[in-house]
Amino acid sequence: VITITPPLLRWDGVQQVEVNWRVTLEYDDELGNAHHVASDYDTPDLSGTITLRPLMNARLWRKIEQVTGTPANEVANLLSETTLELEIALQNPKTGDIIKTLFTPDAKISPPPIGARVQQRVEPQFTWASESGELRVYKGARAA
């Protein structure tokens, strides 16, 4: 389950979600000392993708309007973006219970390039990244 706010909007048709969190450690060494004397890291890198199989074209266009902050009567382009909260809830396929929730408060989601062809499925892929690198992981559902 993908939820993006504001306003609260649950995305349907999600086929795959990828979340990558990386941090680069930097060590300070001292001549003649076999151990590191200090370590530090830069802001973590948090990014990923959301792949959809939209149920209806209108729903896909609403998602693009939301992530670009573009009204329905204007053209959204690949450079349009807005900062949104992104919540990814992983559910048990048998019971539907939420097992784990991933949350970032500052996702910048880019609209997908769409190349549609006749008699082929459209599976647009939204890419996203967080400037702060903040990823909160909750056991179960996130308390609102």
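Me: Is Asp29 buried or exposed?
Reply: This is a predicted model. Asp29 sits in the loop between β4 (25-28) and β5 (38-41). Its relative accessible area is 56%. Exposed means over 50%, so Asp29 counts as exposed.

Me: Which residues form a negative surface patch?
Reply: Asp29 is one of them. Patch residues have over 30% relative accessible area, and Asp29 has 56%. The patch is formed by Glu26, Asp28, Asp29, Asp40 and Asp42.

Me: Which residues form a nonpolar patch on the surface?
Reply: Trp21 is one of them. Trp21 lies in strand β3 (residues 14-22). The patch has about 520 Å² of accessible area together. Its members are Trp21, Val23, Leu25, Tyr27 and Tyr41.

Me: What is the relative accessibility of Trp21?
Reply: Trp21 belongs to strand β3 and to the nonpolar surface patch. Trp21 counts as partly exposed. The value is 44%.

Me: Is Thr104 buried or exposed?
Reply: Thr104 is part of strand β8 (residues 98-110). Its relative accessibility is 1%. Buried means under 20%, so Thr104 counts as buried.

Me: Which side chain is joined to that of Thr104 by a polar contact of 3.3 Å?
Reply: Thr104 is buried in the model, at 1% relative accessibility. A polar contact of 3.3 Å links its side chain to another. The partner is Asp106.

Me: How many salt bridges does a search of the whole structure find?
Reply: Glu123 and Arg53 form a salt bridge. Glu87 and Arg142 form a salt bridge too. A search of the whole structure gives a count of 7.

Me: How far apart in sequence are the parts that Glu123 and Arg53 tie together?
Reply: The closest N and O atoms of this salt bridge are 2.4 Å apart. Glu123 lies in the loop between β8 and β9, and Arg53 in the loop between β6 (45-52) and α1 (57-68). So the pair ties together parts of the chain whose separation in sequence is 70 residues.

Me: Are Glu123 and Arg53 buried or exposed?
Reply: Glu123 has a relative accessible area of 37%. Arg53 has a relative accessibility of 30%. Partly exposed lies between 20% and 50%, so Glu123 is partly exposed, and Arg53 is partly exposed.

Me: Which residue forms a salt bridge with Glu87?
Reply: Glu87 is in strand β7 (residues 83-91), and its partner is in the segment after β10, 55 residues apart. Glu87 is buried at 19%, whereas the partner is partly exposed at 26%. The closest N and O atoms are 2.7 Å apart. The partner is Arg142.

Me: Which residue meets Lys108 in a salt bridge?
Reply: The N to O distance is 3.5 Å. Lys108 lies in strand β8 and its partner in the loop between β9 and β10, so the pair ties together parts 23 residues apart in sequence. Lys108 is partly exposed at 23%, whereas the partner is exposed at 61%. That partner is Glu131.

Me: Which residues do salt bridges that share partners join into one network?
Reply: Shared partners link these salt bridges. The network is made of Asp12, Arg59 and Lys63.

Me: What separates the C-alpha atoms of Ser132 and Pro44?
Reply: Ser132 is in the loop between β9 (125-130) and β10 (136-139). Ser132 is partly exposed, at 31% relative accessibility. Ser132 and Pro44 are 88 residues apart along the chain. Their C-alpha separation is 7.3 Å.

Definitions and conventions
Residues are numbered from 1 along each chain as its sequence is written. This is a predicted model: local features need pLDDT of at least 70, side-chain atom pairs count only at pLDDT 80 or more; totals for chains, interfaces and linings use all residues. Side-chain values use heavy atoms; hydrogens and water are left out. Patches are made of residues with over 30% relative accessible area and no salt bridge: like charges are joined within 9 Å, nonpolar side chains (Val, Leu, Ile, Met, Phe, Trp, Tyr) within 5 Å. Accessible areas come from the Shrake-Rupley method with a 1.4 Å probe; for residues, only the protein chains shown count as cover. A salt bridge is a side-chain nitrogen of Lys or Arg within 4 Å of a carboxyl oxygen of Asp or Glu. Lys and Arg count as positive and Asp and Glu as negative; His and the chain ends are not counted. The place of a charge is taken as NZ of Lys, CZ of Arg, CG of Asp or CD of Glu. Helices (H or I, at least four residues) and strands (E, at least two) are DSSP runs, numbered from the N terminus. Buried means under 20% relative accessible area, exposed over 50%, partly exposed in between (1.4 Å probe, protein chains only). A polar contact is a pair of N or O atoms within 3.5 Å; within protein, one must be able to donate a hydrogen and the other to accept it, and residues adjacent in sequence count only if both atoms are side-chain atoms.
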